[in-house]
Amino acid sequence: MIRSNRTHRPPTDVIELADKILVLVEIAGMQTEDLNISLHERRLTISGRRKKPEHQQAAYHQLEIGFGDFKVELDLPWTIEKDAVTATYEAGLLAVELPRK
């Protein structure tokens, strides 16, 4: 079975806590320099490009992993303390913490 996704859309969780929003994006196989995170007012944008590995003389039987450009855009429920935003990428999971202003 072969499945083809033209647009890579990584799974994303948005968790509202008492003092912050926590955004988790599942994007394994990337380097931190391949990720872009921006915050404009209450809109968070996470984008990047996951490179597809090259395999010589390969016959693909199943393709479900998304490669290429991706973009996640989220409208946040409140104003964020922009100078206190943190992001970590570990074991394929990007975690962005956005403290409430």
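Reader: How many bridges join β3 to β4?
Author: This is a predicted model, in which local features need pLDDT of at least 70 and side-chain atom pairs count only at pLDDT 80 or more, while totals for chains, interfaces and linings use all residues. Residues are numbered from 1 along each chain as its sequence is written, and side-chain values use heavy atoms, with hydrogens and water left out. β3 and β4 run antiparallel, and two strands pair if DSSP finds at least two bridges between them. The number of bridges joining β3 to β4 is 6.

Reader: How many strands does the protein chain have?
Author: Strands (E, at least two residues) and helices (H or I, at least four) are DSSP runs, numbered from the N terminus. The chain has 0 helices. From the N terminus on, its elements run β-β-β-β-β-β-β. The strand count is 7.

Reader: How confident is the model, as the average pLDDT of the protein chain?
Author: pLDDT is the predictor's confidence in each residue, from 0 to 100. In this chain, 93% of the residues score at least 70. The average is 90.

Reader: In which strand is confidence lowest, and in which is it highest?
Author: The low end is a mean of 93, in β5. The high end is 98. So the answer, lowest then highest, is β5 and β7.

Reader: Over which residues does pLDDT stay under 50?
Author: Contact means heavy atoms within 4.5 Å. The stretch in question has 11 contacts in the model beyond four places in sequence. The stretch is residues 1-5.

Reader: In what order do the strands of the 3-strand open sheet stand?
Author: The pairing in this sheet is antiparallel. Its edge strands are β3 (35-40) and β5 (68-75), and each pairs on one side only. The twist averages 10 degrees from one strand to the next, with axes fitted as lines to C-alpha atoms, for helices over the stretch in contact, and angles running from 0 to 180 degrees between N-to-C directions. The order is β3-β4-β5.

Reader: Which residue in β4 stands opposite S38?
Author: Two bridge partners can be named for the pairing of β3 and β4. One is L44 in β4, the partner of L39. The residue opposite S38 is T45.

Reader: Which residue takes a positive phi in the hairpin of β3 and β4?
Author: This hairpin has 2 residues between its strands. The phi in question is near 55 degrees. The residue is E41.

Reader: Which residue in β5 stands opposite I46?
Author: β4 and β5 pair over 8 bridges, in the antiparallel sense. The residue opposite I46 is V72.

Reader: Why is β4 largely enclosed by the rest of the structure?
Author: Buried means under 20% relative accessible area, exposed over 50%, and partly exposed in between (1.4 Å probe, protein chains only). In the whole chain of 101 residues, 31% count as buried. β4 is largely enclosed because its buried residues number 6 of 8.

Reader: Is S47 buried or exposed?
Author: S47 lies in strand β4 (residues 43-50). Leaving aside neighbours within four places in sequence, S47 is in contact with D34, L35, N36, F70 and K71. Its relative accessibility is 18%, so S47 counts as buried.

Reader: Is A91 buried or exposed?
Author: A91 lies in the loop between β6 (86-90) and β7 (93-99). From C-alpha to C-alpha, A91 and V72 are 19 Å apart in space, and they are 19 residues apart in sequence. The relative accessibility of A91 is 83%, so A91 counts as exposed.

Reader: Which strands stand at the edges of the 4-strand open sheet?
Author: This sheet has the order β1-β2-β7-β6, with antiparallel pairing. Each edge strand has a single partner, so one side of each is left without a neighbour in the sheet. Direction ignored, neighbouring strands here are turned by 15 degrees against each other on average. The edge strands are β1 (12-16) and β6.

Reader: Which residue in β7 is the bridge partner of V23?
Author: Strand β2 (residues 20-26) pairs with β7 in the antiparallel sense, over 7 bridges. The bridge partner of V23 is V96.

Reader: Over the ring of which residue does the charged end of R100 sit?
Author: A charge sits over a ring if NZ of Lys or CZ of Arg is within 6 Å of the ring centre and within 35 degrees of the ring normal. The charged end of K52 sits over the ring of Y60, 5.4 Å from its centre. For R100 the distance to the ring centre is 3.5 Å, and the residue is W78.
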